Amino acid sequence: MLDLMKLNIEIPKQVVDINKLSLYQIEKLPNGNISIGALVKNSDLAYHPTIVKEYPVLSQALLAGASPQLRNMASVGGNLMQRTRCPYFYNTDFACNKRVPGSGCAAIDGYNRNNAILGTSDKCIATHPSDMCVAMAALGAIIHIKSLNGPRTMPFGEFHLLPGQTPHLEHNLKQGELITHVEIPAIPYATRSYYLKVRDRASYEFALASAAVILDIQNGRIQHAHVALGGVGTKPWRTILAEKVLTGAIANEQNYRTAAEAALSQAKGYGDNTFKIELAKRTLVRALTTAGGMS
Ligand code: SF4
């Protein structure tokens, strides 16, 4: 929001400071799930002993994002609401359907190396930038929302919207609603999980491709698989196609590659970003191989 205000892209009439709300708790619920307050700082969540031990994929994804200074200030709720870094969205000299609905998309025929290859439309190919959200998509998090009408919950996969014909609509939060916390389900096998981020430089850089994987392997065979991709989708991209390939399969590189082919089977390149199709496959195979090799 601050970045966009500095560029006169967002000019809010009013900004409400919610920092005094008590939404800073990370706690284990009686059913074993973890509740994370919307104002918990990214670094506090990344280094929380339960997250490090039981959900390494979430800790790793958080630590792969932004810089230490930003992680010390960025909140879980803010990360969920993060907006694209498509350069044309930030430059008012160019057409952008997300910024000005109906004005066109400069990225489709422009420089689109960092743009998306999954979930795109003829109106927008902007990538969702978050790392944390990729891990939360894989974990199947639940978002808790409050408004004057009372509380409601939403599965993580329904929170962010595909661009379709309305790329200016990015999430399912309604006017007057507030994210209060995120609930992570108890997944005993999430100790075998891993987040891999491939990017142009090792720090303070968005993903070209990333993968969050969780594997439950018994006697060499995969019982459960959770797979999500980042840096390639218009929203955090959980890939059920890859999960179906992996579930019941022997944990080996050949099956990981088959799963990666399935995950990217509907990908579409736009020129500068077409290399991401193969890059994302390799990223996923490496993430699965690393998780599969964990004890
Ligand atoms: Fe705007 Fe989306 Fe096109 Fe980027 S990809 S210029 S955000 S409409």
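**Notebook: salt bridges and overall fold**

I began with Arg 85, which is partly exposed, with a relative accessible area of 32%. The model I am reading is a predicted one.

**Entry: the partner of Arg 85.** I looked up which side chain Arg 85 meets in a salt bridge and found Asp 3, with a distance of 3.9 Å from N to O. The pair ties together parts that are 82 residues apart in sequence, because Asp 3 lies in helix α1 (residues 2-6) and Arg 85 lies in the loop between α6 (76-80) and α7 (132-139). The cut-off for a salt bridge is 4 Å, and I therefore kept this pair at 3.9 Å in my list. I also checked Asp 3 for exposure; Asp 3 is partly exposed, at a relative accessible area of 39%.

**Entry: Arg 113.** Next I asked which residue forms a salt bridge with Arg 113. The partner is Asp 200, and the closest N and O atoms are 2.8 Å apart. Arg 113 sits in the loop between α6 and α7, while Asp 200 sits in the loop between β6 (193-198) and β7 (209-218), so this salt bridge ties together parts 87 residues apart in sequence. I noted both accessibilities: Arg 113 is partly exposed at 23%, and Asp 200 is partly exposed at 46%.

**Entry: Asp 131 and Lys 197.** I then turned to the salt bridge between the side chains of Asp 131 and Lys 197, at 2.8 Å from N to O. This pair links distant parts of the chain, with Asp 131 in the loop between α6 and α7 and Lys 197 in strand β6, 66 residues apart. Are these two residues buried or exposed? Asp 131 is buried, with a relative accessible area of 6%. Lys 197 also counts as buried, at 12% relative accessibility.

**Entry: a network.** I traced salt bridges that share partners and found one network joining Arg 257, Glu 261, Glu 278, Lys 281 and Arg 282. For the whole model I recorded a count of 15 salt bridges.

**Entry: Lys 98.** I located Lys 98 in the loop between α6 and α7. Lys 98 is buried, with a relative accessible area of 11%; the cut-off I applied is under 20%. Which residues does Lys 98 contact, leaving aside its neighbours within four places in sequence? I listed Arg 83, Thr 84, Phe 89, Cys 124, Ala 126, Pro 167, His 168 and Glu 170. I also took a distance to Leu 264: Lys 98 and Leu 264 are 166 residues apart in sequence and 25 Å apart in space, from C-alpha to C-alpha.

**Entry: the chain as a whole.** I counted 10 helices and nine strands in the protein chain. The radius of gyration is 19 Å, close to the 19 Å given by the globule rule for 295 residues, so the chain is as compact as a globular protein of that length. I fitted a box along the principal axes, and the C-alpha atoms fill roughly 60 × 45 × 35 Å. Buried residues make up 49% of the 295 residues. Of the contacts with a separation of 6 or more, 62% are between residues 24 or more positions apart.

**Entry: surface and charge.** The accessible surface comes to about 14200 Å², and 54% of it belongs to carbon and sulfur atoms. I tallied 30 positive and 22 negative side chains, and the centres of the two sets lie 1 Å apart.

Conventions. Residues are numbered from 1 along each chain as its sequence is written. This is a predicted model: local features need pLDDT of at least 70, side-chain atom pairs count only at pLDDT 80 or more; totals for chains, interfaces and linings use all residues. Side-chain values use heavy atoms; hydrogens and water are left out. Helices (H or I, at least four residues) and strands (E, at least two) are DSSP runs, numbered from the N terminus. Buried means under 20% relative accessible area, exposed over 50%, partly exposed in between (1.4 Å probe, protein chains only). The radius of gyration is taken over C-alpha atoms; the globule rule is 2.2 Å times the number of residues to the power 0.38. Contact means heavy atoms within 4.5 Å. Accessible areas come from the Shrake-Rupley method with a 1.4 Å probe; for residues, only the protein chains shown count as cover. Lys and Arg count as positive and Asp and Glu as negative; His and the chain ends are not counted. The place of a charge is taken as NZ of Lys, CZ of Arg, CG of Asp or CD of Glu.
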